[in-house]
Amino acid sequence: MVNFDYEKLPPLREDLDIQLRREGGETFAQLYDPLRHRYYDLTAASTQMLRFWRLGQGEAVLSEVQKSNRAMSLTQTDLDVFQRFLTANNLVRLGSSTEFLKKQRQQASSFRARFGKLMFFRFDLGNPTRVLEWAYPFGALFYLRFFTILSLVALCVGGWIIASAPSVITEHLVSLGSLQGGLSLVLAAVIGKMVHELGHAFQALRLGIPVSRCGVMFMLAIPLPFTEITDAWRLPNRGERMRIAAGGILAELGLACWMILLFAFLPNGDLRTLVFSMATLSILLSLLVNLNPLMRFDGYHMLSDLTGFKNLQSRSNAMGRWYMRRVLFGLKDNMPEPLARDEATFLIGFAYGVWVYRLFLYLGIATLVYLFLPKVLGAPIAVTALILFVAIPIVTEVKVLARRATEMVRTLRAWFTALCCTALCAAAFVPYSKTHKVPARLVPHETVTLVAPRDAVVRALHFVPSELPIELTAGKALWSLEDPNLNFQIERATSEHERISRQLSRRSGSDLVLAQSTILAEQADLLKARIEEAQTAKAQLEIKVPFSGTVSEQASLIQIDMQLGAGTPLAQVSDFEKRLVQAIIPSDLRREMDTEADPKFVSLGRGIILHDLQVDTVEKSRVGPLEELEFLRSFGGEVAVSANESTTPQGVWHRLQTYPVLGADLPQIVLSGHLHIKSLPQSLAKRMITQIKIVAISEASF
């Protein structure tokens with residue numbers, strides 16, 4: 001904790017701009033820092049201390065404040081807090097007058113700052129004041145109350161017409177995924193952002209605030225227009241500042257109202273698609289992006305004005321760090337600024353919300369950079385962004401805490417926090433087994449589909465269709481089929497064989513007759529083979545149960561005198577006395593699966609659970625198109641499909657099958673569900689290292 005010398009106060013920086021205003025009989029000062037382009041509003045007490053700060057002595061400042069305003073009683077603690085505020089925000093000269101400027105230049109030229117400018121940089125287009133003043137008479141028309149009422153009427157009329165045909169909205173939402181829809185979204189975003197920035201600019205001009213500059217801001221190479229209206233902080237009225245901050249959102253919402261009306265009357269075409277894109281983007285960007293107070297967009301400035309906290313982000317960050325150090329490490333620093341309990345709670349909560357949000361934001365940005373840029377550029381940039389914007393702030397705070405280690409070792413909270421951190425780190429190296437759910441089916445041990453072996457006609461049924469499904473023993477006949485062509489071939493071949501046999505029986509002893517007899521004998525053998533083959537084919541027309549099992553109800557569709565083509569499915573015979581589980585598992589689970597742990601099958605919606613299953617086989621080959629359509633996400637399952645194949649799983653999957661188990665008491669149907677498989681015990685640290693290795697190897701091979 002820094003101890004200040006109250007006998008000699010540090011002087012203020014000469015470049016600060018100080019403005020005074022009176023509210024409710026009190027005088028308040030506003031400091032403007034041109035280096036950071038920031039405004040600081042002071043309280044009445046701080047303003048009084050600032051008036052006499054030039055005296056340079058703490059006691060003299062407090063004495064003069066007491067003389068000038070006897071109703072205001074200030075103590076040395078108040079002076080201490082105010083001095084800390086000035087020092088923390090670099091508003092005083094410590095050492096030489098150029099020390100702060102040198103520090104600012106060093107920070108601006110650091111690698112982190114340069115990399116940040118590479119990711120988020122601005123391109124100024126100059127001062128737009130003359131152009132805006134020329135266009136202002138036209139823009140002022142949109143701020144009339146009559147135009148606001150007219151916009152609401154347009155919204156109601158357009159919304160009422162569109163509501164009568166909701167399918168039109170669905171069709172246009174789907175069309176946005178096409179190339180034409182993507183181009184319309186880009187053009188709509190450009191138009192919407194231009195209207196948004198003009199809304200800010202015209203609102204500022206209405207209230208007498210100049211627009212110092214405009215240009216294009218590039219966020220991850222995405223161009224976004226911007227207008228500089230930071231001077232709005234000079235306005236003493238918070239309502240006026242909020243009107244400027246909300247100007248862009250109101251302009252976009254007004255644009256959306258008229259686009260909705262225009263969409264209701266336009267015919268289908270490119271223009272209607274563009275109008276639809278402008279209406280949807282204006283609403284979404286205004287509500288989801290610009291109103292977000294966790295980023296320094298319009299919502300942040302509106303929240304700052306609404307709560308009365310200027311420089312909300314820097315003040316909340318200071319409060320958040322102070323509270324974290326106090327709660328976790330027991331450091332009893334003074335509060336960065338004197339605030340009421342509810343105000344301090346708000347700033348602390350806001351700081352933690354911003355930290356969490358920005359953590360996920362930077363992770364998302366790094367992921368996008370990694371995925372969409374070439375791997376040679378994407379991977380290094382993503383890693384660098386995470387180091388600079390996530391790791392370095394954490395390391396900086398750790399360094400501050402390390403310098404105050406002697407203070408922390410005396411507090412119980414620091415020891416408790418260290419113990420918790422040690423336990424968490426140790427837990428990361430404790431092996432544990434994870435249970436994975438993969439799509440699976442409980443199927444009969446054996447299933448055969450009976451088909452018609454050739455074109456035939458059904459001549460007899462050997463079962464009662466009303467009793468299906470029925471259980472039959474192996475060899476039981478189901479249908480007798482007949483092929484008239486086959487019967488004709490058998491009769492013709494038999495007759496020809498008998499004729500040749502009679503000729504052979506009347507043969508004589510001459511050489512010519514003996515030679516002819518040899519030929520006739522060969523023909524007789526050929527005909528006999530044909531007859532036997534036809535008889536075998538005829539025997540196959542007697543459809544029998546290949547094994548003991550249950551015949552499906554599909555058999556009831558087969559009727560007498562029905563003509564069947566070759567290969568026509570007749571019915572399925574399934575052995576439900578035994579069951580086995582068939583599943584598909586991803587490639588990484590195949591490597592990590594614990595073969596000693598027995599998996600468990602859980603059916604969907606039936607409450608059937610099978611324990612102590614044993615894995616029989618896991619195929620090494622990759623799964624192709626799936627017959628189990630219920631596994632696929634497009635059919636309500638969990639497996640995503642590849643872009644080119646409608647039934648081929650995305651990624652590498654393998655088939656798994658368990659040993660059969662007894663299942664006579666289970667429903668005689670195929671049951672869908674999940675197979676719960678345990679992986680080998682691994683620590684969290686090892687899993688992360690393994691995953692990093694896999695990604696690194698795959699990217700290196702790419």
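In this predicted model, confidence is lowest in helix α4 (residues 99-108), where the mean pLDDT is 52, and highest in helix α17 (residues 412-427), where it is 91. Over residues 1-5 the pLDDT falls below 50, and this stretch has 10 contacts in the model beyond near neighbours in sequence. For the chain as a whole the mean pLDDT is 80, with 88% of the residues reaching 70 or more. The chain holds 21 helices and 20 strands, and the points below take up its overall make-up, a few of its helices, the strand pairing and the cysteines.

**Overall make-up**

- The chain has 702 residues, and buried residues make up 38% of them.
- Among the contacts in the chain with a separation of 6 or more, 73% are accounted for by residues that stand 24 or more positions apart.
- The accessible surface of the chain comes to about 40,700 Å², and carbon and sulfur atoms contribute 61% of that surface.

**Helix α9 and the residue after it**

- Helix α9, which covers residues 179-206, has 28 residues and reaches 41 Å from its first C-alpha to its last, a span close to the 40 Å expected at 1.5 Å a residue.
- Gly208 follows α9 and has a positive phi, near 80°.

**Helix α17 and Phe416**

- Phe416 lies in helix α17, the helix in which confidence is highest, at a mean of 91.
- The relative accessible area of Phe416 is 55%, and because the cut-off for an exposed residue is over 50%, Phe416 counts as exposed.
- Phe416 and Phe329 are 87 residues apart in sequence, while in space their C-alpha atoms are 8.5 Å apart.

**The open sheet of four strands**

- An open sheet of 4 strands follows the order β11-β10-β8-β13, and its pairing is antiparallel.
- The edge strands of this sheet are β11 (542-544) and β13 (563-564), each of which pairs on one side only.
- Strand β10 (residues 477-482) is joined to β11 by 3 bridges, and these two strands run antiparallel.
- Within the pairing of β10 with β11, Ser480 stands opposite Glu542 in β11.

**Strand β14 and its partners**

- Strand β7 (residues 435-451) pairs with strand β14 (residues 569-586) in the antiparallel sense, over 11 bridges, and Val448 stands opposite Val573 in β14.
- Strand β12 (residues 549-551) runs antiparallel to β14 and is joined to it by 2 bridges; the bridge partner of Thr550 in β14 is Ser574.
- Strand β18 (residues 653-658) pairs with β14 in the antiparallel sense over 5 bridges, and Trp653 in β18 is the bridge partner of Pro586.
- Strand β19 (residues 661-662) also pairs with β14 in the antiparallel sense, here over 2 bridges, with Val661 in β19 as the bridge partner of Arg579.

**Cysteines and the surroundings of Cys257**

- The count of disulfides comes to 0, where a disulfide would require a pair of cysteine sulfur atoms within 2.5 Å.
- Cys257 is in no disulfide, and the nearest cysteine sulfur, which belongs to Cys156, is 8.4 Å away.
- Cys257 has a relative accessibility of 10% and therefore counts as buried, since buried means under 20% relative accessible area.
- Cys425 is likewise in no disulfide, the nearest cysteine sulfur being that of Cys421, 6.6 Å away.
- Cys425 has a relative accessibility of 49% and so counts as partly exposed, a class that lies between the limits of 20% and 50%.
- Ser151 has its place in helix α7 (residues 145-163) and, with residues up to four places away in sequence left out of the count, touches Cys257 and Trp258.
- With a relative accessible area of 5%, Ser151 is buried, as is Cys257 at 10% relative accessibility.

Methods
Residues are numbered from 1 along each chain as its sequence is written. This is a predicted model: local features need pLDDT of at least 70, side-chain atom pairs count only at pLDDT 80 or more; totals for chains, interfaces and linings use all residues. Side-chain values use heavy atoms; hydrogens and water are left out. pLDDT is the predictor's confidence in each residue, from 0 to 100. Contact means heavy atoms within 4.5 Å. Buried means under 20% relative accessible area, exposed over 50%, partly exposed in between (1.4 Å probe, protein chains only). The expected span of a helix is 1.5 Å times one less than its number of residues. Two strands pair if DSSP finds at least two bridges between them. Accessible areas come from the Shrake-Rupley method with a 1.4 Å probe; for residues, only the protein chains shown count as cover.
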